[in-house]
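Let's walk through this model together, one question at a time. Have a look at the fold before we start.

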Amino acid sequence: RVKQQYVLTSASVQDILRKYRIRHGNDYSMLADEVAVQLNDTHPVMAIPELIRLMMNEGIDFETAFGWSEKIFAYTNHTVMQEALEKWYLPLLSSVCPDIVKIIRLIDRRFMKEMKSKKLEVLPDRCLIRDNMIHMAQLAVYATHATNGVAELHSQLLKDDLFSKWYAVWPERFQNKTNGITQRRWLGLCNPELCSIIDPLIGNGYLTELSQLKELEKKITPAFCKKFIEVKKS
C-alpha cells in the first residue's frame with residue numbers, strides 16, 4: 001500500500017511540474033499561483049513531502065518549498081473514523097520511501113519550532129510523528145492552507161473533536177464543502193428532457209428547492225409515466 005500511494009502521488013506531482021515547466025521553464029516562482037491540489041482524504045498526503053523533495057532537488061530551500069506547498073495543497077477529510085486516518089510505522093515508511101521520511105522530519109521540526117514561537121504546548125493531538133508512527137492526518141492539517149469536511153455536521157465535528165487542537169490555533173483554515181450533486185447541474189442542465197415534463201406540472205422551483213419535487217407525487221398519472229419512460233429511453 002505504501003508503494004502504491006507513493007507511486008501514484010509522485011507520478012501526479014511530477015506530471016504537474018512537467019506541465020508547469022512547459023509554460024515557465026525552471027522559474028518556479030509562479031507555482032503556488034497556478035497550481036492547486038485537493039488531497040482526497042489521507043491516502044495522497046505523501047504528495048506534500050514529495051513536492052517539497054522535488055523542489056529541493058531543483059535547488060529551492062526547504063522554507064520556500066514548504067511555503068509554496070502550503071499554498072498549493074488543501075485537505076478534505078472524509079471520515080472521523082480512526083481506521084481512515086492513516087498512520088505509518090516509521091521504520092516501514094523509512095524502508096520504502098527514505099527521502100520522504102527525511103522531508104517529513106524537516107516538516108516536523110518546523111512544526112515544533114512554530115509551536116514554540118507561538119508559545120503553544122506540543123500536544124499529542126497535534127504531533128506529526130508520535131509513538132514511532134507518522135500521522136498523515138496531522139501532517140495534512142498542518143502543511144496545507146485549508147481543511148474541510150464533506151457535510152456541515154461533519155465539518156463541525158472536525159472543529160469540535162477530531163482536529164479541535166488545530167482549530168484552536170488556525171480556525172480560519174477550517175471550512176465546509178458539502179459532498180454530493182446538485183439538481184441544478186444534474187437535472188436542470190444535464191436532463192432538460194426530464195425537466196420538460198416536470199415543469200408544466202409543478203413549475204421549476206425544485207431546481208433551487210429540491211423538496212418541491214414532493215408535489216409531483218400528486219400529479220403522477222399513466223400519461224405522465226408514459227412520457228417519463230420515453231424520456232428515459234431517449
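Q: Where is aspartate 131 found, in a loop or in a strand?
A: This is a predicted model, in which local features need pLDDT of at least 70, side-chain atom pairs count only at pLDDT 80 or more, and totals for chains, interfaces and linings use all residues. Residues are numbered from 1 along each chain as its sequence is written, and side-chain values use heavy atoms, with hydrogens and water left out. Strands here are DSSP runs of E with at least two residues, and helices are runs of H or I with at least four, numbered from the N terminus. Aspartate 131 is found in the loop between β4 (129–130) and β5 (133–135).

Q: Which sign does the phi of aspartate 131 have?
A: Most residues other than glycine have a negative phi. Aspartate 131 is not a glycine, yet its phi of about 55° is positive.

Q: Is aspartate 41 buried or exposed?
A: Aspartate 41 lies in the loop between β1 and α3 and has a positive phi of about 75°. Buried means under 20% relative accessible area, exposed over 50%, and partly exposed in between (1.4 Å probe, protein chains only). With a relative accessible area of 7%, aspartate 41 is therefore buried.

Q: And aspartate 131, buried or exposed?
A: Its relative accessible area is 66%. Aspartate 131 is therefore exposed.

Q: Which helix gives the most to the largest nonpolar core?
A: A nonpolar core is a set of buried Ala, Val, Leu, Ile, Met, Phe, Trp, Tyr and Cys residues joined through side-chain atoms within 4.5 Å. The largest one has 56 residues, and Leu31, Met55, Ile107, Phe163 and Trp166 touch the most other members. Seven residues of this core come from one helix, the top contributor: α6 (residues 98–117).

Q: Which residues does methionine 55 touch, leaving out those up to four places away in sequence?
A: Contact means heavy atoms within 4.5 Å. With those sequence neighbours left out, methionine 55 touches Leu17, Tyr28, Leu31, Ile60, Ala65 and Trp68.

Q: Which residue caps the N-terminal end of α4?
A: Helix α4 spans residues 62–72, with Phe62, Ala65 and Trp68 among its buried residues. At its N-terminal end, a side-chain oxygen lies 3.2 Å from the backbone nitrogen of glutamate 63. That oxygen belongs to the capping residue, aspartate 61.

Q: Is leucine 153 buried or exposed?
A: Leucine 153 has its place in helix α8 (residues 152–162). Its relative accessible area is 64%, so leucine 153 is exposed.

Definitions and conventions: A polar contact is a pair of N or O atoms within 3.5 Å; within protein, one must be able to donate a hydrogen and the other to accept it, and residues adjacent in sequence count only if both atoms are side-chain atoms.
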